[in-house]
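User: I am beginning to study protein structure. Please show me the model, and I shall ask about it step by step.

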Amino acid sequence: MNVYDAIMARRTIRKFTDRKIPQEDLIKLVDCARVAAYGANVQPLKFAVITDKDKLNDIYPFTKWAGYLTDGAPKENERPTAYIAVLGDTSIKQNGNFEVEAGAAVTTIMLEAVELGLASCWLGAIARDEIKNTLGLDDKLNVVYLLALGYPKQESRMAEFKGDIKYFEDENGTINVPKRPLEEILIKL
Ligand SMILES: Cc1cc2nc3c(=O)[nH]c(=O)nc-3n(C[C@H](O)[C@H](O)[C@H](O)COP(=O)(O)O)c2cc1C
């Protein structure tokens, strides 16, 4: 798969099968984030891979899913089989702002996940302090995002933008994600 195809194929998936992700694939995803572009090459992020069943269950209540859908959250048997927690190391970057770095890291991971046949959902609507406590993280590490991972039990595709940015589920259960057209976002000078 080439990079363009991975970019176009990647869609957020929120329902997963119970198939486990090989540990080496999860480590490979973190290794991809390791070499992403970071401002001034500071590299202030750490990553925690969570696959332990109890920890997955403990974290789930601190996540929110698919705000535009009534039934968009995974059922108990559809939950992610792994999370990668993206953590900001305040001993490396003191101002506590890790959004840009985390964006580069998560995007990089999500694209490699496509190549590995994995589905992912970037989670920002999370209870960060509760997750930090649940994982028993060192005080210097801030939870920035979670990336939920697994094998897909749902389909999602790009849809034509008709004036509404809200994704929706169609009669086949497929998620449709409207993307603004190129003509709208490309400013001609
Ligand atoms: C910063 C950020 C935070 C997000 N947080 C959540 C979240 O908490 N829950 C969720 O279900 N989806 C979340 N998403 C996924 C978006 O809803 C999704 O990327 C968007 O609808 C576009 O769909 P696509 O990823 O398939 O292109 C988040 C995405 C981003 C970039």
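User: Which helix supplies the largest share of the nonpolar patch?

Analyst: In this predicted model, Val 3, Tyr 4, Ile 7, Met 8 and Met 158 form a nonpolar patch on the surface, with about 500 Å² of accessible area together (Shrake-Rupley method, 1.4 Å probe, only the protein chains shown counting as cover). Such a patch joins nonpolar side chains (Val, Leu, Ile, Met, Phe, Trp, Tyr) within 5 Å, from residues with over 30% relative accessible area and no salt bridge. Helices (H or I, at least four residues) and strands (E, at least two) are DSSP runs, numbered from the N terminus. The largest share of the patch, four residues, comes from helix 1.

User: On what terms are residues and side chains treated, and what kind of model is this?

Analyst: Residues are numbered from 1 along each chain as its sequence is written, and side-chain values use heavy atoms, without hydrogens or water. Local features need pLDDT of at least 70 and side-chain atom pairs pLDDT 80 or more, while totals for chains, interfaces and linings use all residues, the model being predicted.

User: Is Met 158 buried, partly exposed or exposed?

Analyst: Met 158 belongs to the nonpolar patch, and its place is in strand 5. Buried means under 20% relative accessible area, exposed over 50%, and partly exposed in between (1.4 Å probe, protein chains only). Since Met 158 has 39% relative accessibility, it counts as partly exposed.

User: What is the order of the strands in the open sheet of three strands?

Analyst: This open sheet has mixed pairing; two strands pair if DSSP finds at least two bridges between them. Strand 6 (168–169) and strand 7 (residues 175–179) run antiparallel and are joined by two bridges, with Phe 168 having Asn 176 as its bridge partner. The order of the strands is 5-7-6.

User: Why is one side of strand 5 and of strand 6 left without a neighbour in the sheet?

Analyst: The order 5-7-6 comes from an open sheet. Strand 5 (156–160) and strand 6 each have a single partner strand, so one side of each lacks a neighbour, because both stand at the edges.

User: How many residues of strand 2 are buried?

Analyst: Strand 2 (82–89) is covered on both faces. On one side Ala 82, Ile 84, Val 86 and Gly 88 are buried, and on the other Tyr 83, Ala 85, Leu 87 and Asp 89. The count of buried residues in strand 2 is therefore eight of eight.

User: How many bridges join strand 2 to strand 4?

Analyst: Strand 2 also pairs with strand 1 (45–50), antiparallel, over six bridges, and Ala 48 has Ala 85 as its partner there. Towards strand 4 (141–150), Ala 82 stands opposite Leu 149. Strand 2 and strand 4 pair in the antiparallel sense, and their bridges number eight.

User: How far does helix 4 reach from its first C-alpha to its last?

Analyst: Helix 4 (residues 99–115) has 17 residues. The expected span is 1.5 Å times one less than the number of residues, which gives 24 Å here. The reach of helix 4 is close to that, at 25 Å.

User: Which residue, with positive phi, follows helix 4?

Analyst: The buried residues of helix 4, including Ala 102, Val 106 and Ile 109, pack against helix 1, helix 2 and strands 1, 2, 3 and 4. After the helix comes a residue with phi near 80°, namely Gly 117.

User: With which residue does Glu 101 form a salt bridge?

Analyst: Glu 101 lies in helix 4 and is buried at 8% relative accessible area. Beyond four places in sequence, it touches Tyr 38, Pro 44, Leu 45 and Lys 93 (contact means heavy atoms within 4.5 Å). In a salt bridge, a side-chain nitrogen of Lys or Arg is within 4 Å of a carboxyl oxygen of Asp or Glu. At 2.9 Å, N to O, Glu 101 meets Lys 93.

User: How far apart are the closest N and O atoms of Arg 34 and Asp 31?

Analyst: Both residues lie in helix 2 (residues 23–34), three residues apart, about one turn of the helix. Arg 34 is exposed at 52% relative accessibility, whereas Asp 31 is partly exposed at 38%. They form a salt bridge whose closest N and O atoms are separated by 2.5 Å.

User: How far apart in space are the C-alpha atoms of Ala 119 and Arg 14?

Analyst: Ala 119 is found in strand 3 (residues 119–123) and is buried, with 4% relative accessibility. Among its contacts more than four places away in sequence are Ile 13, Phe 16 and Tyr 151. Ala 119 and Arg 14 are 105 residues apart in sequence, yet their C-alpha separation is 8.1 Å.

Technical notes: Patches are made of residues with over 30% relative accessible area and no salt bridge: like charges are joined within 9 Å, nonpolar side chains (Val, Leu, Ile, Met, Phe, Trp, Tyr) within 5 Å.
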